Amino acid sequence: MSLDGKVALVTGAAQGIGRGIALRMARDGADIALVDLNTDRLAQVRREVQALGRKASVSATDVSQRDAVYAAIDHAEAELGGFDIMINNAGIAQVNPIADVAPEEVERILRINIQGVLWGIQAAAAKFKARGQKGKIINASSIAGHDGFAMLGVYSATKFAVRGLTQAAAKEYASAGITVNAYCPGIVGTDMWVEIDERFSELTGAEKGRTYEKFVEGIALGRAQTPDDVAALVSFLSGDDSDYITGQSILTDGGIVYR
């Protein structure tokens with residue numbers, strides 16, 4: 001897969017899946033605009049991208065703030081000399097029984113997981129149109145965007161919403177040559193899953209690590225997913241070989257949810 005000459009912006013790029021995506025796309029030839037609020041880790045990922053021979057910019061951006069997302073794209077264009085691919089990766093998890101979810105929890109996860117993606121779609125499409133070019137928008141959904149999971153009800157709802165936004169945006173922007181797709185990871189060995197496992201432990205009394213192990217045991221391919229597994233799909237969706245794919249939310253989970 002070649003992304004030579006492309007500029008990609010990755011939100012939530014400081015760690016986990018976002019970092020994996022940024023590094024894979026850099027290896028495939030793209031220059032990378034790194035967006036996150038964790039500036040220390042972001043600086044490290046920037047050094048890793050540069051070590052691969054690619055240019056990188058950094059932007060400390062809260063994706064729940066619409067103006068900030070537009071500004072981050074402007075910054076990427078100015079620093080890297082273009083803008084071709086938007087990866088709306090940033091998101092948070094929330095583990096709680098539906099009966100116990102508090103209003104402030106709902107408000108926070110909706111702002112980040114749904115509004116953050118919405119603003120990213122808006123801002124990227126506006127920039128592609130202003131530049132008079134085609135473009136790629138790729139959003140983070142989840143297996144929880146295909147099946148609702150117990151204790152992850154609100155999180156699942158946000159990821160179903162990302163699928164809806166992806167389909168609608170694909171239809172609205174197709175005439176401008178902009179494709180919009182989503183990737184749907186499963187059980188990935190990242191800090192987010194450490195937090196999910198710890199919260200399940202608090203709620204159910206399971207030993208720490210057991211919930212993670214239980215989910216991994218249900219994967220047909222017999223192992224947990226890595227950020228590189230996710231990044232391979234995202235890089236494909238970012239390149240020319242995916243030009244005839246739009247509006248899709250593609251499962252990359254090793255065999256958990258089947259559609």
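# A short tour around helix α5

Hi everyone, let me begin with Met151, which is found in the loop between β5 (135-140) and α5. Helices here are DSSP runs of H or I with at least four residues, strands are runs of E with at least two, and both are numbered from the N terminus. Before going further: this is a predicted model, where local features need pLDDT of at least 70, side-chain atom pairs count only at pLDDT 80 or more, and totals for chains, interfaces and linings use all residues. Residues are numbered from 1 along each chain as its sequence is written, and side-chain values use heavy atoms, with hydrogens and water left out.

Back to Met151. Although Met151 is not a glycine, it has a positive phi of about 75 degrees. Is Met151 buried or partly exposed? With a relative accessible area of 27%, Met151 is partly exposed. The cut-offs are these: buried is under 20% relative accessible area, exposed is over 50%, and partly exposed is in between, using a 1.4 Å probe and protein chains only.

Now let's step into helix α5. Tyr155 sits in this helix, and UniProt places the feature "active site" there, in an unreviewed entry. A word on such records: UniProt positions are given in the numbering used here, feature names are shortened, and annotations may be inferred rather than shown by experiment. Tyr155 counts as buried because its relative accessibility is 10%. Which residues does Tyr155 touch, not counting those up to four places away in sequence? They are Ile92, Ala93, Gln94, Ile109, Asn113, Ser142 and Ala144. Contact, by the way, means heavy atoms within 4.5 Å.

Thr158 is also in helix α5, which covers residues 153-173. Thr158 is buried, since its relative accessible area is 0%. Leaving out residues up to four places away in sequence, Thr158 touches Ile109, Leu110, Asn113 and Ile114. With Asn113 there is something extra: the two side chains make a polar contact at 3.2 Å. A polar contact is a pair of N or O atoms within 3.5 Å; within protein, one must be able to donate a hydrogen and the other to accept it, and residues adjacent in sequence count only if both atoms are side-chain atoms. For a sense of distance, the C-alpha atoms of Thr158 and Lys208 are 26 Å apart, and these residues are 50 places apart along the chain.

Next, how helices pack. How far apart are the axes of α4 and α5? The axes are 9 Å apart, and the helices pack at an angle of about 15 degrees. That angle is why α4 counts as roughly parallel to α5. Axes here are lines fitted to C-alpha atoms, for helices over the stretch in contact, and angles run from 0 to 180 degrees between N-to-C directions. Under 35 degrees is roughly parallel, over 145 roughly antiparallel, 65 to 115 roughly perpendicular, and the rest oblique. Among the residues that meet are Ile109, Asn113 and Val117 in α4, and Tyr155, Thr158 and Val162 in α5.

On to another pair involving α4. Helix α3 (residues 66-80) and helix α4 (residues 103-131) have axes that come within 9 Å and cross at roughly 40 degrees. So α3 is oblique to α4. The contact includes Val69, Tyr70 and Ile73 of α3, and Trp119, Ala123 and Lys127 of α4.

A third pair is helix α1 (residues 16-27) with helix α8 (residues 227-238), packing at about 50 degrees with axes 8 Å apart. These two are therefore oblique to each other. Gly20, Ile21 and Met25 are among the α1 residues in the contact, and Ala231, Val234 and Ser238 are among those of α8.

Ile21, Met25, Val234 and Ser238 also appear among the contacts of Ile87, together with Leu9 and Ile138, leaving out residues up to four places away in sequence. Ile87 lies in strand β4 (residues 85-88) and is buried, with a relative accessible area of 0%. Its C-alpha atom is 7.8 Å from that of Ala140, which is 53 residues away along the chain.

One last residue: Ser249, in strand β7 (residues 249-252). Ser249 is buried, at 13% relative accessible area. Beyond its neighbours within four places in sequence, Ser249 contacts His146, Arg163, Thr166, Ala182 and Cys184.

To finish, the wider frame. The UniProt annotation "domain: Ketoreductase", from an unreviewed entry, covers residues 6-186. That span is 50% helix and 19% strand, and its end C-alpha atoms lie 28 Å apart. Thanks for listening!
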